[in-house]
Amino acid sequence: MFKRLVKYCVICFFLLLSAIKGMSQNAKQTGLSKRTKECFDFNWHFHKGDIAIKRAVKAAGYGGLTDINVKVETNKEAVIAYTDVDKASTFKPEDWREVDLPHDWCVEGTFVNDKSIGSAPAVSGYLPGGIGFYRKEFEIPESDKGKKISIEFDGIFRNSTVWVNGQLMGSHQSGYTPSNYDLTDILRYGNEGKNVILVKVDATEYEGWWYEGCGIYRHVWLNKTDKLHVDRFGTYVTTPVVSPDEAAVNIKTSIKNEYGAIKNITLISKIVDNKGVVLATKTSTQAIEPFGTTEVSQKGAIQKPLLWSPETPNLYKILTEVAENGNIIDNYETTFGVRTIEISRNGVFLNGKLYPVKGTCNHQDFAGIGVALPDKINEYKLKLLKEVGCNAYRCSHHPPTPELLDMCDRMGLLVLDENRMLSSSEEGIKDLTTMLSRDRNHPSIFMWSMENEEWIQGTVTGARILKTMVDITHKIDPTRPVTAAMNHGRNEGGYSDVLDVVGYNYGDKGLAYVKDHEKYPNRIEFCTEATSFISTRGEYQNDWGKGYVSNLGLWQPGWGPLPGEDWADIVKYPYLGGLFVWTGFDYRGEPTPYQWPCVTSHFGFMDICGFPKDGYYAYKAAWTNEPVVHIFPHWNWPGKVGDSIQVHCYTNCDEVELLLNGKRIGTQKAIPYTKLIWKLIYKPGKLEARGYKGGKLVTTDIVETTSDPAQVALKSDCSVLKADGCDVAVIRVVIKDKQGRVVPVADNLVTFSIDGPGRIIGTGNGNPSSHEPDKASQRMAFNGYCLVLVQSNKQAGEIRLKAASGTLKGDEVVLKVQ
Ligand code: GAL
């Protein structure tokens, strides 16, 4: 009897298995219900300036549709911004201008030192902020009726309010977390008419102390799914056990049923490698309650997994299918990686090996475009950071745009993902949990940061708030340690005890973290921020009038060491885990140590255009195996002939020999991570540094006195652009003399003209005190260089960008758009 029962059970089990298997193999894609994610960046209208929304209209917005949904008035004349399309005839386009997103209106302004109009040194880099409105008309086909349709804003700076067809959808404060609105009921389908979305952006208040921009500055997406679908940020993939033979893969999928009836679904999760080969398929059945969300757990494995690291950014995917009665109702893709991270009192261990983190902190902006970065520019910045030897990126001091995290996964950079505010208020926790659920599948993220340098660090209240945040973070993602970037209060109020890893923003030149390591035997430390070296590219004298700081290190804030010297601490005390240099790139705002006329920070080892400063080479020498010898200053000092001059050198060679006009000045043995300095008498000509390793000449660097500017030379980072209206060519502009040498003091005005399917979206030159407009077709060179950004249109063809400068020989770049 017992035997028969067992046999019966076994048969039932196999029947069930084959039924499930059959379901997964037979599940059909029903074109009707396929999930789509449409880019919603194009064809918006923008109105700059405040608009008074009438009271009655506001009330109507809460209650339902109204004829005149939003009546707006500017100072001078009334402007009607109907969100109701039936009144669209009264919408006056002349009061609005066409824009595509991402868009930052702040960077389009004129520099002015006037607080009363919202221009401040830190938050806006002396560009006025204020209020702006975005409006877009769009159609939704009849065939979308019955789907769930939502709009996702990746980031709006800040305090945004959204109306659709006159209905107030909601508002969102944070300028750094995404917002999402369900539009399903309010949309007009097919013949019902056009739809209008209106977004008010109020950037009068700030969140940080750097340039934050204004507007819908990240991508916008229109998402369409069945009413039965994977929830927003609805998958969580972890690899809890990893060995060379196998990685366990845990998949949690949240499925949302927005039907009024129970749904019996089959969840099929395919583990796929980077060539699209399906490695394993997991199938589960589940009943989902009406208007309910259920999390389904599945376990899979990858044999002989290819591990993720910055050097080998191997990625896998989970392809999720939700099926009902054999039809696929929804599909969803999650990228993940297999790697282990451990941070201990011995350092950071990636895949079991000590892995010193070579990182930079960065804000979001870039020359020419403020914070509205096309994806290509984020990729360009990361590429430059990888070239200097970086293996990590800190999103200071807020969550980044999600595309940046995809790039860090793909290109290989560890990420310290940072929450903006220390807050356990409802809003604060919502922002934190949004960051965690949105980002927790990225293999690049190795640690969460709860906050940066909040005033109440080291207080009992601060510790209580922090504890709530850390507990929530551990619940949402138990796989990563949690830190906070601290510059004070590390040993007070129980604040540090709440953290897995105590983040040191500067270590009082090494002493704080070394002392604390000995004093607190349970404390795990990490150097979340270092350096803050201030220098203006190509400048070798401090100039208070112009707002320039010398690269020779003549003025340096008390809290940071010289470039590269901070790395010596990491080598000496590997338990610090690594560091994040403040910063990779200069950024608008926080113009330390000066203020007006300075509008940009000087902390980067690259300027705001990505041109390297001298300090860049200190990190290249420390972080790469390439032989580096870099001497500075330049050699164009007509007024200094016969004077004493210092020559500085960053190197990773054993010794460096210096020659002036072929004559040996001397040889110095190098001390790792320390700058070499020679004193000599200045004579124009050719200064040459020769780097030796093991007695062999491995590299040289030359600075030469140049003649006057004679030509403009253009160098684009690419020759082909996609005809997608988004792609960008980054074109470096260099002023050279007759012999083709960069003139390091040149400040010629360069004018650009463009033909073909593209446009100039911005210019820059790295001068922290430049008040020239970024949105222009001309730019002065600054110490030999400037930059122009060209974006493709949506048509194929050939773009010709010409650069001219007075009597100098011009240049041209040809870009294919396809
Ligand atoms: C740090 C701070 C950064 C920046 C930097 C300048 O303390 O975290 O945001 O202000 O100082 O040195």
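This report covers a three-stranded sheet, one valine and an annotated segment in a predicted model.

## The β14-β15-β18 sheet

Three strands make up an open sheet, ordered β14-β15-β18. Their pairing is antiparallel. The edges are β14 (228–238) and β18 (293–303). Each edge strand pairs on one side only. From one strand to the next, the twist averages 20°.

Strand β15 spans residues 246–257. Its antiparallel pairing with β14 runs over 7 bridges. One bridge can be placed by residue: Tyr 236 has Lys 252, in β15, as its partner. Strands of a sheet pair through backbone hydrogen bonds, in either a parallel or an antiparallel sense.

## Val 750 and its surroundings

Val 750 lies in strand β42, which covers residues 749–755. Is Val 750 buried or exposed? Val 750 is buried, because its relative accessible area is 0%, and the cut-off for burial is under 20%.

Its contacts, leaving aside neighbours within four places in sequence, include Val 712, Val 733 and Ile 735. Ser 777, Gln 778 and Arg 779 are also in contact with Val 750. So are Cys 786, Ala 803, Ala 804 and Ser 805. Asp 182 is 568 residues from Val 750 in sequence. In space, the two are 48 Å apart, C-alpha to C-alpha.

## The annotated segment

An unreviewed UniProt entry annotates residues 714–813 as "domain: Glycoside hydrolase family". In the model, this stretch is 54% strand and 0% helix. The C-alpha atoms at its ends are 7 Å apart.

Definitions and conventions: Residues are numbered from 1 along each chain as its sequence is written. This is a predicted model: local features need pLDDT of at least 70, side-chain atom pairs count only at pLDDT 80 or more; totals for chains, interfaces and linings use all residues. Side-chain values use heavy atoms; hydrogens and water are left out. Two strands pair if DSSP finds at least two bridges between them. Helices (H or I, at least four residues) and strands (E, at least two) are DSSP runs, numbered from the N terminus. Axes are lines fitted to C-alpha atoms, for helices over the stretch in contact, and angles run from 0 to 180 degrees between N-to-C directions. Buried means under 20% relative accessible area, exposed over 50%, partly exposed in between (1.4 Å probe, protein chains only). Contact means heavy atoms within 4.5 Å. UniProt positions are given in the numbering used here, feature names are shortened, and annotations may be inferred rather than shown by experiment.
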